[in-house]
Amino acid sequence: MRKSHDSSQSTNEYSFILFVTGNGLNSRIARKSLAQICEQELAGRCSIEIVDVFEDFSAAVKYNILVTPTLLMLRPEPEVVIIGNLRDLEKLRTALRLDEGDGP
Amino acid sequence: MTREIDILRRRLHRAEAALEAIRTEQADAVLGEGRVVLLRLQETEQALRQSEERLRMAMEAGKLASWEIDPATGKIMTCPRLNRMLDLPYSDKQQDRDQYLAMVLGEDRDRLRAAEEHALENGRRYEVEYRVRRPDGEIRWLRNQGLPIQDEQGNVVKLIGNVADITRTKQIEDKLRYAIAERDKFFSIIAHDLRSPFIGFLNFIRILNDRFKKISLGEIQRLTKDMRYSAESLYNLLENLLEWSLVQRGVSKFSPAVCSLTELTRENAQLVQSCSAQKNIEIKCMVPDDLRVYVDRAMIKMVLRNLLSNAVKFSFHNSRVTITAEQIGCMVQVCVEDKGVGMDDGILEKLFFLDKMSSRKGTSGEKGTGLGLLLCREYIVKHGGDIWAHSSPQQGTEFYFTLPTKKNEIQCF
């Protein structure tokens with residue numbers, strides 16, 4: 001299950017990979033939260049790849065994933081790793097440095 | 001050195017975050033050496049259990065039983081419902097299929113086997129209907145639907161399917177088939193019986209037409225008399241047909257009332273007077289004056305008309321037809337007796353059955369159908385009564401029927 005939010009992946013400012021397991025509860029929550037962020041403040045500026053580790057285990061090994069769900073932000077650098085279901089959107093924004101520069 | 005410490009610190013940080021996610025139930029799985037270990041198993045299990053329950057209820061709703069056959073070993077796994085259906089003890093282990101196959105009736109077993117073998121070859125779903133004899137001796141009709149399950153190489157590794165008890169459907173199907181056959185026979189007899197008086201009629205008209213100028217008054221008189229018989233027999237048949245169709249469609253109104261049986265019989269005796277006079281037959285009505293019955297007048301008139309005209313039809317010339325009646329319990333038993341050709345047992349037993357319907361010519365060659373008697377039975381049964389006959393060949397026949405005397409005793413036997 002790979003899906004790209006935007007086909008012009010390489011040119012996007014933000015680039016994410018979300019590792020999930022099937023249709024697990026936390027995986028579902030994480031997918032929803034990420035989609036929300038990308039449709040709001042990051043609309044048109046991000047690409048998402050979702051990797052189901054049941055289908056692509058090697059990708060998880062490549063990025064040293066320990067548990068699912070895990071979100072990787074590859075760009076903008078430095079790389080960020082967030083582990084958990086991403087339910088708390090405020091924390092997620094902070095972790096992704098989305099607050100910086102957006103302030104008044 | 002600092003770089004390595006940095007990497008280690010980052011790894012440790014990640015591991016801590018992972019542990020935290022597991023502890024706070026925010027993780028779905030842990031990725032181990034080459035495999036995924038699912039967390040939150042209760043949830044997965046619950047979802048599975050729910051799906052299993054839903055499937056079970058769906059099978060329940062369709063009263064379907066399930067089974068799984070291993071074609072390699074010939075072993076079968078069943079569900080409790082299947083064993084209840086077959087009246088066999090249930091086991092949750094694999095069992096030999098022999099005892100199941102042994103219950104299937106001979107020729108049906110061959111069909112079942114052939115269908116399975118075919119499915120094993122072509123890998124397609126199949127459906128077979130067959131009969132089983134249960135240990136309690138009862139025969140049931142089952143419908144079996146099976147699906148071959150293939151491995152990646154395309155080999156069938158098992159057959160999975162369901163069974164439904166279709167005994168009731170089969171019974172209805174049989175009834176329907178019987179009813180259609182009955183109806184076909186009925187139409188062929190009616191057509192045949194309509195044809196004969198009509199041919200007579202046609203012949204008389206031809207003679208009249210062809211020899212109009214040469215024909216004598218005496219001949220005309222004879223011909224018209226014959227024509228009248230043909231016409232009457234046609235009319236009678238059509239009348240019965242109409243009544244029959246009304247009964248069959250359930251539109252004939254049943255409106256019983258108290259009335260005098262004597263009156264009813266007298267009226268009918270007069271109706272057949274012209275025919276009986278031809279053969280010099282006396283119609284003797286010996287019904288006690290005070291007998292009251294609770295009946296639908298029109299229906300019972302039709303019954304009496306048919307029985308009386310039959311009696312006259314099969315009576316020897318110069319004989320007597322007697323109508324008697326007596327009260328027995330809460331019913332009145334009526335008897336129409338003639339001295340005539342009578343019937344042997346073979347004809348007697350066919351009298352009231354549509355599929356065995358037959359007709360005989362009367363003692364003066366009168367035509368008829370067995371339809372009249374069928375109608376009689378239909379009407380008498382509607383009244384909660386019974387109709388039957390005794391007869392001896394060349395001596396005569398007695399037709400009996402019973403009628404209720406009061407409203408609330410229609411169901412009384």
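## Exercises on a predicted two-chain model

The residues lining the second largest pocket divide into 17 nonpolar, eight polar and 12 charged. The model behind these exercises is a predicted one.

**Exercise 1. Describe the second largest pocket by its volume, its central residues and the elements that line it.**

Solution. Begin with the volume, which comes to about 1200 Å³ for the second largest pocket. Next, look at the lining, which consists of 37 residues, and pick out those closest to the centre of the pocket: these are Val81(A), Ile82(A) and Ile83(A) from one chain, together with Arg14(B) and Ala17(B) from the other. Then assign the lining to secondary structure: in chain A, two or more residues come from each of helix 2 (57-62), strand 5 (80-83) and helix 3 (89-95), while in chain B helix 1 (2-23) meets that condition. Finally, rank the contributions, and helix 1 of chain B is found to give the most, with 10 residues.

**Exercise 2. Work out how much area is buried between chain B and chain A, and which three residues of chain B supply the most of that chain's share.**

Solution. The size of an interface is often given as the accessible area lost when the parts come together. For chain B and chain A the buried area is about 1600 Å², and carbon and sulfur atoms give 60% of it. On the side of chain B, Arg14(B), Asp28(B) and Leu31(B) supply 43% of the area that this chain buries against chain A, which is more than any other three residues supply. As a last step, count the residues in contact, taking heavy atoms within 4.5 Å as the criterion: chain B contributes 20 residues and chain A contributes 23 residues.

**Exercise 3. Locate the cis peptide bonds between strand 4 and strand 5 of chain A, and then examine the backbone of Leu86(A).**

Solution. The bond that joins Arg75(A) and Pro76(A) is cis, with an omega of about -5°, and Pro76(A) lies in the loop between strand 4 (70-75) and strand 5 of chain A. A cis bond also runs from Glu77(A) to Pro78(A), with omega near 0°, and Pro78(A) too is placed in the loop between strand 4 and strand 5. Moving on to Leu86(A), the phi angle is positive, at about 60°, although this residue is not a glycine; Leu86(A) sits in the loop between strand 5 and helix 3 of chain A.

**Exercise 4. Characterise the packing of helix 10 of chain B against helix 12 and against helix 7 of that chain.**

Solution. Take first helix 10 (residues 297-314) with helix 12 (residues 371-382), both of chain B: the angle is about 145° and the axes are 9 Å apart, and the crossing is left-handed. Among the residues of helix 10 that meet helix 12 are Met299(B), Ile300(B), Val303(B) and Leu307(B), and the residues they face in helix 12 include Leu373(B), Leu375(B), Cys376(B) and Tyr379(B). By class this contact holds 10 nonpolar, three polar and one charged residues.

Now take helix 7 (residues 217-249) of chain B with helix 10, where the angle is about 145° and the axes are 13 Å apart, and where the crossing is left-handed. Asn236(B), Glu239(B), Asn240(B) and Glu243(B) of helix 7 meet Met302(B), Arg305(B), Asn306(B) and Ser309(B) of helix 10. The classes in this contact are one nonpolar, four polar and three charged residues.

**Exercise 5. Find how many cavities of 30 Å³ or more the whole structure contains, and describe the lining of the largest cavity.**

Solution. The search finds one cavity of 30 Å³ or more, and the volume of the largest cavity is about 160 Å³. Its lining has 16 residues, with Ile76(B), Arg97(B), Tyr100(B), Tyr130(B) and Asn144(B) nearest the centre. Sorted by class, this lining divides into 13 nonpolar, one polar and two charged residues.

Notes: Residues are numbered from 1 along each chain as its sequence is written. Chains are lettered from A and ligands numbered from 1 in the order in which they are written. This is a predicted model: local features need pLDDT of at least 70, side-chain atom pairs count only at pLDDT 80 or more; totals for chains, interfaces and linings use all residues. Side-chain values use heavy atoms; hydrogens and water are left out. On a 1 Å grid over the protein atoms alone, a cavity is a set of points where a 1.4 Å probe fits but cannot get out, and a pocket is an open set with protein on both sides within 12 Å along at least five of seven lines; lining residues have an atom within 4 Å of a point. Grid points are joined across faces, edges and corners, and a volume is the space filled by probe spheres set on the points. Helices (H or I, at least four residues) and strands (E, at least two) are DSSP runs, numbered from the N terminus. Ala, Val, Leu, Ile, Met, Phe, Trp, Tyr, Cys and Pro count as nonpolar, Asp, Glu, Lys and Arg as charged, and the others, Gly among them, as polar. Axes are lines fitted to C-alpha atoms, for helices over the stretch in contact, and angles run from 0 to 180 degrees between N-to-C directions. A crossing is left-handed if the near helix is turned anticlockwise from the far one by less than a right angle, and right-handed if clockwise. Buried area is the accessible area (1.4 Å probe) that two parts lose on being put together, summed over both.
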